[in-house]
Amino acid sequence: MANTPQSKKRARQIERRTDVNKARRSRIRTFIRKVEEAIASGNADGAKAALQAAQPELMRGVTKGVVHKNTASRKISRLAARVKALSAV
């Protein structure tokens, strides 16, 4: 438990940042899910549009420190490969 004024303040700040980060992470997952749903339905145009919407959202998570850069790049790369394979078929 926080005892000093500084540690009490830090605890309050962490609580606020946790809520913001949780919301941002949830938003990123939603964008990724939309891409995966479009891929599963076989909708190539919808998947491509969803991927283009998801990419900036993932990279925004990187700049905000919610997701590691390599993790975001890996997710984008794998989704892009699946979308490309879908449109090739």
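The following legends describe close-up views of a predicted model.

Residues are numbered from 1 along each chain as its sequence is written. Because the model is predicted, local features need pLDDT (the predictor's confidence in each residue, from 0 to 100) of at least 70, side-chain atom pairs count only at pLDDT 80 or more, and totals for chains, interfaces and linings use all residues, while side-chain values use heavy atoms, with hydrogens and water left out.

**View 1. Helix H2, residues 44–63.** Helices are DSSP runs of H or I with at least four residues, numbered from the N terminus. The 20 residues of H2 should span 28 Å at 1.5 Å a residue (1.5 Å times one less than the number of residues), and the 29 Å between its end C-alpha atoms agrees with this.

**View 2. The two ends of H2.** At the start, a side-chain oxygen of Asn-43 lies within 3.5 Å of the backbone nitrogen of Asp-45. After the helix comes Gly-65, with a positive phi near 85 degrees.

**View 3. The buried residues of H2.** Among those buried (under 20% relative accessible area, 1.4 Å probe, protein chains only) are Ala-47, Leu-51, Glu-57 and Leu-58. The buried residues of H2 pack against helix H1 (5–41) and helix H3 (69–88).

**View 4. Val-83 and its contacts.** Leaving aside residues up to four places away in sequence, Val-83 touches (heavy atoms within 4.5 Å) Val-35, Ile-39, Ala-47, Lys-48 and Leu-51.

**View 5. Model confidence.** The mean pLDDT of the protein is 95, and 99% of its residues reach 70 or more. Confidence is lowest in H3, at a mean of 95, and highest in H2, at 97.

Key: Buried < 20%, exposed > 50% of the residue type's maximum accessible area, 1.4 Å probe, protein only. Polar contact = N/O pair within 3.5 Å; in protein donor to acceptor, adjacent residues only side chain to side chain.
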